[in-house]
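User: I should like to learn how to read a structure of two chains. Could the explanation begin with the packing of helices?

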Amino acid sequence: MDIGRLWNYISRPDIVPRLFAVFLCLIMIIEFFVPTSYNEDQLYPKYPPQSQVFKSSLAPYDRGGVPLKIPADIKTQYPQFEPIRGRITAYLTPPAIWLSERTPYFGTTIVSTPGGILDEILYYTRGLDTILESLTLLVSFMIFSWVYLHRD
Amino acid sequence: MFLNITSVAGEFYGYIPFGDIVLYVTEFSAISFVIALFFTLVVYFTKPEKQLESQIGGFDKLNYVSLEELKIRRLMAILCGICTAFAMLTGDLFNYALFLAVIGITNIGIVSAVKKEWVLNAAYYYGIIAMISTLPLFGGAALILAKTGTLSILELAGKHQDLLFQKMLYAAGMVGETGVAPFYAAKAEMFRAPGAPYILMIHLSSLLIVIRTAEILLTI
């Protein structure tokens, strides 16, 4: 086989995603059979699935604690950099309190995220991650809106 | 043994804590940080190049970057430069993967304003690879978290665990996101767009990211 034809084949941009997908498949097939272990001492532990259902309306995100008074039990990598960790994770806005008294599924609703349960792991201990996540979304919207507004 | 890191990156100078995400400065990352910021400034102050295309049997054609196009491309190039600079410093695997995702999308943004069909096609295919490669990238970080229980490079550096296959997956994500050799065609086509300093930022960010990923994978 002529190797020049192979090089020409992989030089087309529309071939590259296919090539990468095949490469990824190969790696992940190998990866699938590699024995690995699970470390029980996890940095951001989660409660077992379903363990909080119907016991707390904030399930599965009930971490305990009283806002600004009793800190919730949050495990972090560097506690010395987070002096007030766990203080605001149980904070609920008045509408969120009203809702959480009425439904046992409050923790899984969309209202629980903005203005409801403040996930401290997202907003305090790993705040830079959240900034970057929203930056990705913002940049993609900027590109889309520029392309949309300047279409011919 | 807090933040006691010995790495290939040279001497450890200090750290900048953002909660659990601790940026750390070594000889290597300080140099790369300065380079990335310097080129960001170059991009900010430089006017884009003009290309003169010679035509057979006709008038030569001048390709230039219009003001509207310049603004969005310069913004994207500056975002890309800042993200590259801070990706050099970050001390957290997941945070680094997120920086890579932002750099990937700003790379598309730099060329997305160019109204040339082949450039936009190449950017589209590069975008597909960048999207696919988030799976191995974040998957690799998640597998490392599951196996070792931590994401901090500073913690992982002292542990000496067998992470070969997790690292392979992480590296595969980086390969897709930056477009290393066999998957380079889409990016090479993107470089053919006019507007020199902005296009160079794509190149510079990939180069620095490749070196930095090698450093991270050798350190943990």
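Analyst: In this predicted model, α4(B) passes α6(B) in a left-handed crossing. Two packed helices are described by the angle between their axes and the distance between the axes. Here the axes of α4(B) and α6(B) cross at roughly 155° and come within 7 Å. An angle over 145 degrees counts as roughly antiparallel, and α4(B) is therefore roughly antiparallel to α6(B).

User: Which residues of α4(B) and α6(B) meet?

Analyst: From α4(B), the residues are B:Ile129, B:Ala130, B:Ile132, B:Ser133, B:Pro136, B:Leu137, B:Gly139, B:Gly140, B:Ala141, B:Leu143, B:Ile144 and B:Lys147. From α6(B), they are B:Gln166, B:Leu169, B:Tyr170, B:Ala172, B:Gly173, B:Met174, B:Gly176 and B:Glu177. By character, the residues of this contact divide into twelve nonpolar, six polar and two charged.

User: How many helices and strands does chain B have, and in what pattern do they follow one another?

Analyst: Chain B has eight helices and four strands. Along the sequence, the pattern is β-β-α-β-β-α-α-α-α-α-α-α.

User: What does the radius of gyration say about chain B?

Analyst: The radius is compared with the value for a compact globule of equal length. For 220 residues that value is near 17 Å, and chain B, with 19 Å, agrees with it. The C-alpha trace of chain B spans about 70 × 30 × 25 Å along its principal axes. Of the 220 residues in chain B, 52% are buried. Sequence separation adds a further view: among contacts in chain B between residues at least 6 apart in sequence, 72% join residues at least 24 apart.

User: How should chain A be read on the same points?

Analyst: Chain A has five helices and zero strands, and its elements run α-α-α-α-α from the N terminus on. Its radius of gyration is 23 Å, well over the 15 Å that the globule rule gives for 152 residues, so chain A is more spread out than a compact globule. Along the principal axes, the C-alpha atoms of chain A fill a box of roughly 75 × 55 × 35 Å. Buried residues account for 19% of the 152 residues in chain A. Among contacts in chain A between residues at least 6 apart in sequence, 47% join residues at least 24 apart.

User: How many residues does each chain bring to the contact between the chains?

Analyst: The size of an interface is often given as the accessible area lost when the parts come together. A count of residues is another description: here 42 residues come from chain A and 47 residues from chain B. On the side of chain B that touches chain A, at least two residues are supplied by each of β1 (12-18), β2 (21-26), α2 (67-89), α3 (93-112), α4 (117-148), α6 (164-178) and α7 (185-190) of chain B. The residues of that side comprise 31 nonpolar, eleven polar and five charged.

User: How do α5(A) and α3(B) cross?

Analyst: The axes of α5(A), which covers residues 127-149 of chain A, and α3(B) come within 9 Å and cross at roughly 10°. The two helices are therefore roughly parallel to each other. The crossing of α5(A) and α3(B) is left-handed. Residues making this contact include A:Leu128, A:Leu132, A:Val139 and A:Ile143 of α5(A), together with B:Phe94, B:Leu98, B:Val102 and B:Ile105 of α3(B). The residues of the contact divide into 13 nonpolar, six polar and two charged.

User: Is B:Phe191 buried, exposed or partly exposed?

Analyst: Burial is judged by counting neighbouring C-beta atoms. B:Phe191 has 14 others within 10 Å and is therefore partly exposed. B:Phe191 is located in the loop between α7 and α8 (196-219) of chain B. Leaving aside neighbours within four places in sequence, B:Phe191 is in contact with B:Ile199 and B:His203. B:Phe191 and B:Val119 are 72 residues apart in sequence and, C-alpha to C-alpha, 8.1 Å apart in space.

User: What is the value of phi at A:Phe54, and where does this residue lie?

Analyst: Phi of A:Phe54 is near 70°, a positive value in a residue other than glycine. A:Phe54 lies in the loop between α2 (16-32) and α3 (94-100) of chain A. With 9 other C-beta atoms within 10 Å, A:Phe54 is exposed.

How values were computed. Residues numbered from 1 in each chain as written. Chains lettered and ligands numbered in written order. Predicted model: local features only at pLDDT ≥ 70, side-chain atom pairs only at ≥ 80, totals over all residues. Contact = placed C-beta atoms within 7 Å. Nonpolar A, V, L, I, M, F, W, Y, C, P; charged D, E, K, R; others polar. Axes fitted to C-alpha atoms, helices over the stretch in contact; angles between N-to-C directions. Parallel < 35°, antiparallel > 145°, perpendicular 65-115°, else oblique. Left-handed = near helix turned anticlockwise from the far one by under 90°. Rg over C-alpha atoms; globule rule 2.2 N^0.38 Å. Buried ≥ 20, exposed ≤ 12 C-beta atoms within 10 Å, placed from the backbone.
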